[in-house]
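Me: I'd like a close look at one part of this protein, with the rest brought in around it. Here is what I have in front of me.

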Amino acid sequence: MKILAGVDEVGRGSLIGPVYAAAVILNKSINIELLKDSKSLTKGKREELDQYIKENSIWAIGQASTKEIEKINILRASLLAMKRAILKLNKKPSLILIDGNKLPDLKNYKLEYVIKGDQKIPSISAASIIAKVSRDKFIKKLSKQFNGYGWDTNSGYGTKEHLKAIKKLGITKYHRKTFSPISDLL
């Protein structure tokens with residue numbers, strides 16, 4: 001029996017925090033019509049689907065820290081987060097479809113990339129939803145410790161509000177110091 005997993009990451013373009021990835025093996029009972037790319041869904045709908053997917057699939061989360069991103073670069077860190085998510089699955093997939101055009105370095109797994117896979121492949125859409133909701137929850141917690149950056153609404157992306165706050169409040173240990181405009185300010 002073929003076991004298909006979908007994998008996607010989130011947070012590559014953010015100026016702060018870890019990059020998250022999720023790997024998802026959907027149960028046959030899941031309604032794939034509900035699954036869309038996380039970016040096309042409202043926050044409320046994503047959270048609702050996150051629960052639904054978790055209850056109706058095998059899933060795992062992987063991440064790569066801010067320090068890892070700074071050390072190995074965001075692309076490699078994204079692939080590392082994906083690899084970690086895949087290795088955490090409690091069932092080994094016979095085929096893993098990865099969103100994008102690069103593959104993590106994993107021996108003894110059959111991997112294929114799918115450009116815009118989060119819009120085409122239900123298991124990748126599911127992974128994009130779980131990864132996004134998980135990272136957003138982490139960033140929301142961080143935003144309570146680091147008030148004034150607007151992370152609860154901008155998820156650490158380079159919005160006007162966030163950039164203004166960096167100039168006023170400074171750079172935190174969660175900021176990716178190798179990312180522009182952070183690196184320009186150092």
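In what order do the five strands form the open sheet, and what is the pairing? Please start there and work outwards to whatever packs around the sheet.

Reply: Happy to walk through it with you. Please keep in mind that this is a predicted model.

The five strands of the open sheet run in the order 3-2-1-4-5, with mixed pairing. At its edges are strand 3 (57-64) and strand 5 (111-114), each of which pairs on one side only. Averaged over the sheet and with direction ignored, neighbouring strands are turned by 20 degrees against each other.

Let's go to the strand 3 edge. Strand 3 and strand 2 (19-26) are paired in the antiparallel sense, and the pairing covers eight bridges. If you want a residue to click on, try L26, whose bridge partner in strand 3 is S57.

Next come the helices. Helix 3 (74-88) lies across strand 1, strand 2, strand 3, strand 4 (95-99) and strand 5, and its direction makes an angle of about 145 degrees with strand 3. In the loop between helix 2 (66-72) and helix 3 you will find N73. This residue is not a glycine, yet its phi is positive, at about 90 degrees.

Helix 3 also leads us to the largest pocket, since it gives four residues to the lining, the largest share. Strand 1 (4-10) and helix 5 (122-145) also supply at least two residues each. The pocket holds about 440 Å³ of space. Its lining comprises 24 residues, and those nearest the centre are D8, E9, K39, D99 and D118. Sorted by class, ten residues of this lining are charged, eight are polar and six are nonpolar.

The second largest pocket has about 340 Å³ of space. It is lined by 14 residues, with L4, I25, L26, N27 and K28 closest to its centre. L26 is therefore worth a second look: the bridge partner of S57 is also among the residues closest to the centre of this pocket. Strand 2 and helix 5 each provide at least two residues of the lining. Here the classes come out as nine nonpolar, three charged and two polar residues.

Helix 5, which supplies residues to the lining of the largest pocket and of the second largest one, also packs against helix 1 (residues 43-55), their axes coming within 9 Å and crossing at roughly 115 degrees. This crossing is left-handed. On the helix 1 side, the contact is made by R46, E47, L49, D50, I53 and K54, while helix 5 brings A126, I129, I130, K132, V133, S134, D136 and K137. Seven of the contact residues are charged, six are nonpolar and one is polar.

One last stop lies further along the chain, in the loop between helix 7 (160-169) and helix 8 (182-185), where P181 sits. The peptide bond joining S180 and P181 is cis, with omega at about 10 degrees.

Terms used. Residues numbered from 1 in each chain as written. Predicted model: local features only at pLDDT ≥ 70, side-chain atom pairs only at ≥ 80, totals over all residues. Heavy atoms only, no water. 1 Å grid on protein atoms, 1.4 Å probe; cavity = no way out; pocket = protein on both sides within 12 Å on 5 of 7 lines; lining within 4 Å. Points joined across faces, edges and corners; volume = space filled by probe spheres on them. Nonpolar A, V, L, I, M, F, W, Y, C, P; charged D, E, K, R; others polar. Pairing = 2+ DSSP bridges. Axes fitted to C-alpha atoms, helices over the stretch in contact; angles between N-to-C directions. Contact = heavy atoms within 4.5 Å. Left-handed = near helix turned anticlockwise from the far one by under 90°.
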